[in-house]
Amino acid sequence: MKSLMVRTILVIASIAMTAILFQNCSQSFKAEDSNGAADLGSSANHDTPHITSVSTKMEPNTDMEFSVFADSLLPSTSYEWSHTLNGTPSACALKNGNKATTYIINCAQAGSLVVKVNALEGNTPVTIAPYTLTLTTTPTTGTPSTNEINLQVNFSIPASTGATPWNTTATVVETFIGQTLKFTNNDSVVHQMHTGGKPCPHGSAMNPGASTNCVISKAYNYKTDGNLYDHNLGTKSPFYMIAYDGSALYTTNCASCHGALASSAKKGARVSQIKNALSAVPQMNTNANLMNLTQRQIEAISFALGGK
């Protein structure tokens, strides 16, 4: 009799345990936290897609990387980035990724930066809030700056320019890909730079006292690519400039000794280091092409190598 009772108890316990396990493995099972609120099976725990900063330094003249945190988005989601600096679109130099999950820009100026990204999950737009920050230059502590490249070139349209050239071939403005050319209109009439897509997109109209930026994205030489000129006043009001391609300059002048740019033995070379080599290395200071490089061309090569 006792044996029968024991067997009966074991059967009842087994049935109860099976019921509990079946309940816990059903689709309606919810795991709760200490407050009895969390649902581990819910997608509500996935972070909302948002822009995050990846770089440790967020300041002018520094490569700043942004990324989309998109744990809940499909890998096939497409992204298209943009930004404004002090309200001006594309005021910073694009370094990489205007249509990738990451976006790298370099801003020559301080101010209010707004970074945006349009995301499409298939054909469905995804709402991602803009990323806003104020760029300020880190105060110096008496130590000289290690930056040897200025990523902004300033040019002022002189007063009384009117319908005459903005500058001359004797005062040609030199820039390179990656720099920003800032125009300021000191004249009393509206000016606007006309381009054919080189070295930057068509310029914005500048009222007297206003400024606009030309973010250098393509090589340009007024001698071979035709004149830039005032959109409102025509070719009688040209602007003379050159925009160098640092990568091309390196390939022409340096690659034969130091290897291709991507694997160069001189990665990170600063302007001062290049100039010291031009002065001290016999193979370099006896090369006429190297000795005829301008300051801006040397800066362009250094920039392409990742120097500062």
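**Group meeting: cores, spaces and strands in a predicted model**

Let me start with a small space inside the protein, whose lining has 5 nonpolar, 4 polar and no charged residues. That space is the largest cavity, and it holds about 40 Å³. Before I go on, please keep in mind that this is a predicted model. The count of cavities of 30 Å³ or more comes to 1.

Who lines this cavity? The residues are F183, M193, C200, G203, S204, M206, T212, N213 and C214. Which element gives the largest share of that lining? It is β14, with 3 residues. If you have the structure open, β14 covers 211-215, and we will come back to that strand in a moment.

Just before β14 in the chain there is something worth a look. The loop between β13 (193-194) and β14 holds P199. K198 and P199 are joined by a cis peptide bond, with omega at about -5°.

Now to the open space. The largest pocket has a volume of about 780 Å³. Lining this pocket are 36 residues, and those closest to its centre are C92, A93, L94, V215 and S217. By class, the pocket lining divides into 17 nonpolar, 15 polar and 4 charged residues. So that you can find your way around: β3, β4, β5, β14, α3 and α8 each supply at least two residues of the pocket lining. β14 therefore appears in the lining of the pocket as well as in that of the cavity.

Next, the packing. As a general point, nonpolar side chains in soluble globular proteins tend to be buried together. Here, the largest nonpolar core has 41 residues, and the members that touch the most others are L181, F183, F239 and M241. Several elements each bring at least two residues to this core: β10 (152-157), β11 (173-176), β12 (180-185), β18 (241-244), α3 (246-253), α5 (271-280) and α8 (295-304). You may recall F183 from the cavity lining.

Let me zoom in on L181. What does L181 contact, apart from its neighbours within four places in sequence? The list is V153, F155, V173, T175, T212, N213, C214, I216, F239 and M241. Among these partners, T212, N213 and C214 also line the largest cavity.

There is also a second core, separate from this one, with 22 residues, including M64, F66, C92 and A119. C92 is one of the residues closest to the centre of the largest pocket.

On to the strands, beginning with β7, residues 111-121. β7 and β3 are antiparallel, with 8 bridges between them; one pair to look for is W81 with its bridge partner V117. β7 also runs antiparallel to β9 (residues 131-135), joined by 5 bridges, and here V114 stands opposite T132. A further antiparallel partner is β8, residues 124-126, with 3 bridges. In that pairing, L120 has P125 as its bridge partner. How many residues lie between β7 and β8 in their hairpin? There are 2, and G122 in the turn has a positive phi of about 75°.

Elsewhere there is an open sheet of 3 strands, in the order β11-β18-β15, with mixed pairing. Its edge strands are β11 and β15 (220-221), each pairing on one side only. Between β15 and β18 the pairing is antiparallel over 2 bridges, and N221 stands opposite I242. Two of these strands, β11 and β18, are also among the contributors to the largest core.

Finally, a pair of backbone details. N86 has a positive phi of about 55° although it is not a glycine. You will find N86 in the loop between β3 (78-85) and β4 (88-89). Is N86 buried, exposed or in between? Its relative accessible area is 46%, so N86 counts as partly exposed.

S90 is a similar case to look at. Phi of S90 is near 50°, again a positive value in a residue other than glycine. S90 sits in the loop between β4 and β5 (93-96), and at 45% relative accessibility it is partly exposed.

To pull the threads together: F183 is one of the best-connected members of the largest core and also lines the cavity, while C92 belongs to the second core and lies among the residues closest to the pocket centre. Thanks, everyone, and I am happy to take questions.

Technical notes
Residues are numbered from 1 along each chain as its sequence is written. This is a predicted model: local features need pLDDT of at least 70, side-chain atom pairs count only at pLDDT 80 or more; totals for chains, interfaces and linings use all residues. Side-chain values use heavy atoms; hydrogens and water are left out. A nonpolar core is a set of buried Ala, Val, Leu, Ile, Met, Phe, Trp, Tyr and Cys residues joined through side-chain atoms within 4.5 Å. Buried means under 20% relative accessible area, exposed over 50%, partly exposed in between (1.4 Å probe, protein chains only). Helices (H or I, at least four residues) and strands (E, at least two) are DSSP runs, numbered from the N terminus. Contact means heavy atoms within 4.5 Å. On a 1 Å grid over the protein atoms alone, a cavity is a set of points where a 1.4 Å probe fits but cannot get out, and a pocket is an open set with protein on both sides within 12 Å along at least five of seven lines; lining residues have an atom within 4 Å of a point. Grid points are joined across faces, edges and corners, and a volume is the space filled by probe spheres set on the points. Ala, Val, Leu, Ile, Met, Phe, Trp, Tyr, Cys and Pro count as nonpolar, Asp, Glu, Lys and Arg as charged, and the others, Gly among them, as polar. Two strands pair if DSSP finds at least two bridges between them.
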